[in-house]
Number of protein chains: 2
Amino acid sequence: MRRGAASAGHSKVPADGAFMDQALGLAIHGVRGANPLVGAVAVGRDGKVLASGWHRGAGTAHAEADAIANAARGGIDLTGATMYVTLEPCNHTGRTGPCAQALIAAGVSRVVYAIDDPHDAASGGAGTLRAAGIDVIGGVRAGEATELNRQWLGAVAARRPFVTLHLAQTLDSRIAAEDGTSQWITCPESLADNHAIRARIDAILVGSQTVAVDNPRLTARTEDGQLADHQPLRAVMGLREVPDDAAVRGDDGRFVHLRTQDPAAALSRLFDQGVRHVMVEGGARIIAAFLSANLVDELIVYQAPTILGSGKNAVTDLGVRTLADAQRWTWDESGGGAVRRLGCDLRLHLAPAAHPDAAPHDALPQEGL
Amino acid sequence: MRRGAASAGHSKVPADGAFMDQALGLAIHGVRGANPLVGAVAVGRDGKVLASGWHRGAGTAHAEADAIANAARGGIDLTGATMYVTLEPCNHTGRTGPCAQALIAAGVSRVVYAIDDPHDAASGGAGTLRAAGIDVIGGVRAGEATELNRQWLGAVAARRPFVTLHLAQTLDSRIAAEDGTSQWITCPESLADNHAIRARIDAILVGSQTVAVDNPRLTARTEDGQLADHQPLRAVMGLREVPDDAAVRGDDGRFVHLRTQDPAAALSRLFDQGVRHVMVEGGARIIAAFLSANLVDELIVYQAPTILGSGKNAVTDLGVRTLADAQRWTWDESGGGAVRRLGCDLRLHLAPAAHPDAAPHDALPQEGL
């Protein structure tokens, strides 16, 4: 309301919350993983949107940097503008430059953000901005921004990687026929989508049983069968030995055997090796272990229009005995959307539903709402 | 091409096939069941579309009658027009009047249709039209029209009802938890959709085991809980006795116990009682029996975003041992579409894929293509 009141002489300028809503709406276009979903909107003194952007995933420009770049491409001067961004601008130089410096260089006079960056290394962006004379407000739409990245914030707090679970199943949720055949349940488009995800994550994890049965390579390959530029660390979990000639070992040193059956221990080991986003690909025992430990942040299901009627269930015993205790999920519209046709398959994208007892917003500032 | 050549003086008039394609495109809006999907387009002498229509399901206007009614509503005269319709116009008075007479009364001078009506009672529409001096051509886009109603044509030829299979399942394809609880796996919107289907079908079928466990009423109810105007016949299949006080018996006489475990025998009995569309609702044994007998024409799946990990699988042994023998389905865009969000659930709509060895089009005329 502060801003609206200050806009005499112009048509009514939307309040900060409305611009932050726009930024939140942009954030959803990004993909989940090592980094949170973040959106940014740059607004001029007259209340007009000058530029916007969003973060497309680890290794790509941060949202505010994307907005600044978009403004530059359009020859738009951001001097004196307000930047709305759903996460506190970073202060560190990671794979991309520090956003606080970029905002200072762009000449913005005001930065409004939703939630603090939870990382130690990245925090302090607000302080840097203030030291440069920029008016900084945090906590606008903090509840919504927290909810948007609920699972990611939880993973960061727990010092574990963000976990994507991949399922390729039939309509009746089988991942292999009775004789063990499973290649391929899904169509080439789904396989290509899976490989595109492999090419942007830090690690891929399967059980040692899967290695014994399927001997997968677990490489990220392009549609023409070539190795992608980025290869995830190939992690095998379980007490069973990984044969010396297992394809998963490869010859690039990007292989690790995690001798544990405990998902939390496996994630901790991977985190210590720098892994911030891991995709779990099976088999059934590993899937059940991660699900029953509530250690899945994102579920991507490729569902083929086929029925087996027997064979291996995708999900086995989670300890749920009655319907009221079923695990609840919500459709996740981020990235490619919650539900879409992909070749002959269906691609489903879900996030764990918030536990009914949880009240994650209570701990956060609710200013400006 | 014949028509195109006759259109001197006008801009090029599309060939019959193009208008039939439009009619086929309209047909897909209808719902499957006792009647086939049918579309109709009325075209003036100048090649302009004057009116169109489609059949919305048993008990509603046929496609060409819908198009004639739409023309009348718009004050459009169909004298001298060509009616394109994807099924031979009927000649009989069923729940709706005979379409051949309606076309004669509307003054159309030409009727182009795709495939013959396979019913004895309905056939002869083409003869009636010709006797009235109308130019009649059959067989245009016959292959496409046959494919559109492949399952319905097969049911008519086999003298059995069209079979819709209803599944309400979790993401991991369970229809009940380990303790047997199953009410409700899906959300109120899915239940309402299911009841809307019940209110337009001839019969609903469950196994006697389901009656013993769940004691369902199997009535069609509106969203406020009232009985719908139309109630399907309630059929229970299986050798187990149906208790005298079972809810499914009701008090309206619309109940039948089919003392058989053979889906084909059950369908034959229902057909003899006038049932042309039956929805199979479970349980697991009945579902598997119909699927393994290839007696499902349409599959409607309500998929909740929940995971149980144990309990009852929706589909049990179909005799499939290896992935190559999996039952294959195709996404069906008719009615409400192949895939849509419905409340918190997903609604999937599928049809059996054509058997790779089948060549259903070979037996039909392929004129005008």
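Which strand of chain B does strand 15 of chain A pair with, and is the sense parallel or antiparallel? I will come to that in a moment, but please keep in mind throughout that what we are looking at is a predicted model.

Let me start with how the two chains are related. Chain A can be laid on chain B with an RMSD of 0.0 Å, by a turn of 180 degrees and a shift of 0.0 Å along the axis, and that is the relation of a two-fold axis. The same surface serves both copies, since 100% of the contact residues of chain A recur in chain B. Within chain A, the residue that comes closest to the rotation axis is A:Ser173, whose C-alpha lies at 2.8 Å.

Now to the interface. Chain A and chain B each bring 45 residues to the contact, and the area buried between them is about 3600 Å², with carbon and sulfur atoms giving 59% of it. Of the area that chain A buries against chain B, 20% is supplied by A:Ile307, A:Leu323 and A:Trp331, which is more than any other three residues supply.

There are also 4 salt bridges between the chains, and one of them joins the side chains of A:Glu178 and B:Arg321, at 2.9 Å from N to O. The side of chain A that touches chain B divides into 22 nonpolar, 13 polar and 10 charged residues.

That brings me back to the opening question: strand 15 of chain A pairs with strand 13 of chain B, residues 306-307, in the antiparallel sense and over 2 bridges. Within that pairing, A:Arg328 has B:Thr306 as its bridge partner.

Methods: Residues numbered from 1 in each chain as written. Chains lettered and ligands numbered in written order. Predicted model: local features only at pLDDT ≥ 70, side-chain atom pairs only at ≥ 80, totals over all residues. Heavy atoms only, no water. Least-squares fit on C-alpha atoms with pLDDT ≥ 70 in both. Contact = heavy atoms within 4.5 Å. Buried area = accessible area lost by both parts, 1.4 Å probe. Nonpolar A, V, L, I, M, F, W, Y, C, P; charged D, E, K, R; others polar. Pairing = 2+ DSSP bridges. Helix = DSSP H or I, 4+ residues; strand = E, 2+ residues; numbered from the N terminus.
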